[in-house]
Amino acid sequence: MESAKDPLHGVTLEQILVAMQKRHGWAGLGRRIEVRCFLYDPSIKSALTFLRKTPWARSKLEAWYLRELPRGGAPKAPPAPEPCIISVARTAAELLGVKAGLAPEAAPADGRVLALAPGGVKKLLLYAPDAIGRNFISKQASTFACLDDTGFSRLPLRSVYPPKTPVCFASMFSGLTPHGHGIKQYEKPQLACPTLFDALPAAGLRAGIVAVKDSSMDLIFRGRPVDYYSEPDDAAVTARALALIAEGLHDALVVYHQEYDDVLHAGSPWAEKAMAAAGHHVKSFRELVNAFDTRWAALPRAAAFLPDHGAHVDPATGRGTHGDDIPADMSLFHFWRAGRAG
Ligand SMILES: [Zn+2]
């Protein structure tokens, strides 16, 4: 039964009878619905027994109850909030079979992703390109269609506020809100809270972070027993990640690219250069996934394209920016693919 369509969903006959008896009294009920149980020695118990056995009387009472509800029918359950990037940490951990090591208050895993790999995975490739929002992906459909075409699930979700890179990555890989992990603005301290990069090593898994030198990804997760690779630029990050995939020592690799973000701040998110940069990210990601699929063809595995936030044009400067509580900055797509299929 669908609650949205059945206004009596979740309301028992007893609740209806009690509410109507309080409002109208037994005499009132008996005048409207002429049955003995309302008129002679009435009680909730005996009336309930009668109504359960007498469908026409029950229908009449329910219809009356519904007519008297406030306009708009029964109170509707609020729509479920869109999942948030804080679900990524536990999603990644649970895919790898890791149940402990994150903060107890870390957000639950995203069931949409877990459903893609019911038996979990052994290897994980997480690609995090900077500042590619849902708005951009929707409008640049041809750049991203290859992900849908190669079996990736496109999952809508929202970023955290303020949508700034260190705030977002801290949330994605700790499972905590900015209040929980402590990075609330553009700053890159080493995080003190538990993160995915604590949980995986604690479970005996080897993880690596490959990022552009001095980026948020490079700095805020330092001090963990994971492998750090700081590279001068995106191309060097890709080369390093390809070498690491071929080497096959890691159970989980996180790879960060920043070209699109660099270009949008220097110009506009919609400039030709920016669109080319987004194309580079998709191309690099596919290259990494192909290498990953080849290396781990025999094992259950998952790969994901996980942007941190979106971006918009600042009307004052005409340049790209982000950090506002607006859909252009907050609404995202994450792309996940799991399973043995290549
Ligand atoms: Zn930026």
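1. Let me start with how H1 passes H3, keeping in mind that this is a predicted model. The crossing of H1 over H3 is right-handed. The two helices, H3 being residues 44-53, pack with their axes 11 Å apart and at an angle of about 125°. That angle falls outside the 65 to 115 degrees that count as roughly perpendicular and is not over 145, so H1 and H3 are described as oblique to each other.

2. Which residues make the contact between H1 and H3? On the H1 side they are Leu-13, Glu-14, Leu-17, Val-18 and Gln-21. H3 brings Ile-44, Ala-47, Leu-48, Leu-51 and Arg-52. Sorted by class, the residues of this contact are seven nonpolar, one polar and two charged.

3. H1 has a further partner in H4. Here the axes of H1 (residues 13-32) and H4 (residues 55-68) come within 10 Å and cross at roughly 100°. Because angles of 65 to 115 degrees count as roughly perpendicular, H1 and H4 are placed in that class.

4. For the contact of H1 with H4, H1 supplies Leu-13, Ile-16, Leu-17, Ala-19, Met-20 and Arg-32. From H4 come Arg-58, Leu-61, Glu-62, Trp-64 and Tyr-65. You will find eight nonpolar, no polar and three charged residues in this contact. If you are colouring the helices, Leu-13 and Leu-17 are worth a label: both belong to the H1 contact with H3, and both also belong to the H1 contact with H4.

5. Now the chain as a whole. Its secondary structure comes to 16 helices and nine strands. The radius of gyration is 27 Å, whereas a compact globule of 342 residues would have one near 20 Å. Along the principal axes, the C-alpha atoms fill a box of roughly 90 × 50 × 40 Å.

6. Two percentages complete that overall picture. Of the 342 residues in the chain, 43% are buried. Among contacts with a separation of 6 or more, 68% are between residues 24 or more positions apart.

7. A few backbone details deserve a look. Most residues other than glycine have a negative phi, and most peptide bonds are trans. Where does the peptide bond from Tyr-161 to Pro-162 stand, cis or trans? The bond is cis, with omega near -5°. Pro-162 sits in the loop between strand E2 (153-158) and helix H9 (165-174).

8. Asp-41 is not a glycine, yet its phi is positive, near 50°. You can find Asp-41 in the loop between helix H2 (36-39) and H3. Asp-41 has 8 other C-beta atoms within 10 Å, so this residue is exposed, the cut-off being 12 or fewer.

9. Asp-214 also has a positive phi, about 70°, although it is not a glycine. Asp-214 is in the loop between strand E3 (207-212) and helix H12 (216-219). With 10 other C-beta atoms within 10 Å, Asp-214 is exposed.

10. On either side of that loop, compare Ala-211 in strand E3 with Asp-218 in helix H12. Are they buried or exposed? Ala-211 is buried, with 26 other C-beta atoms within 10 Å. Asp-218 has 20 C-beta neighbours inside 10 Å and therefore counts as buried, since 20 or more is what the cut-off asks for.

11. Ala-211 and Asp-218 are in contact with each other. Beyond four places in sequence, Ala-211 also contacts Met-217, Ser-230, Val-237 and Tyr-256. Asp-218, counted the same way, touches Ala-211, Val-212, Lys-213 and Ser-230. As for spacing, the C-alpha atoms of Asp-218 and Lys-188 are 9.2 Å apart, with their positions 30 residues apart in sequence. Ala-211 and Pro-315, 104 residues apart along the chain, have C-alpha atoms separated by 31 Å.

12. Finally, Pro-129 lies in strand E1 (residues 123-129). Its 24 C-beta neighbours inside 10 Å make Pro-129 buried. Setting aside residues up to four places away in sequence, Pro-129 touches His-257, Tyr-260, His-281, Phe-305 and Pro-307. Pro-129 and Asp-329 are 200 residues apart in sequence, while their C-alpha atoms are 14 Å apart in space.

Methods: Residues numbered from 1 in each chain as written. Predicted model: local features only at pLDDT ≥ 70, side-chain atom pairs only at ≥ 80, totals over all residues. Axes fitted to C-alpha atoms, helices over the stretch in contact; angles between N-to-C directions. Helix = DSSP H or I, 4+ residues; strand = E, 2+ residues; numbered from the N terminus. Parallel < 35°, antiparallel > 145°, perpendicular 65-115°, else oblique. Contact = placed C-beta atoms within 7 Å. Nonpolar A, V, L, I, M, F, W, Y, C, P; charged D, E, K, R; others polar. Left-handed = near helix turned anticlockwise from the far one by under 90°. Rg over C-alpha atoms; globule rule 2.2 N^0.38 Å.
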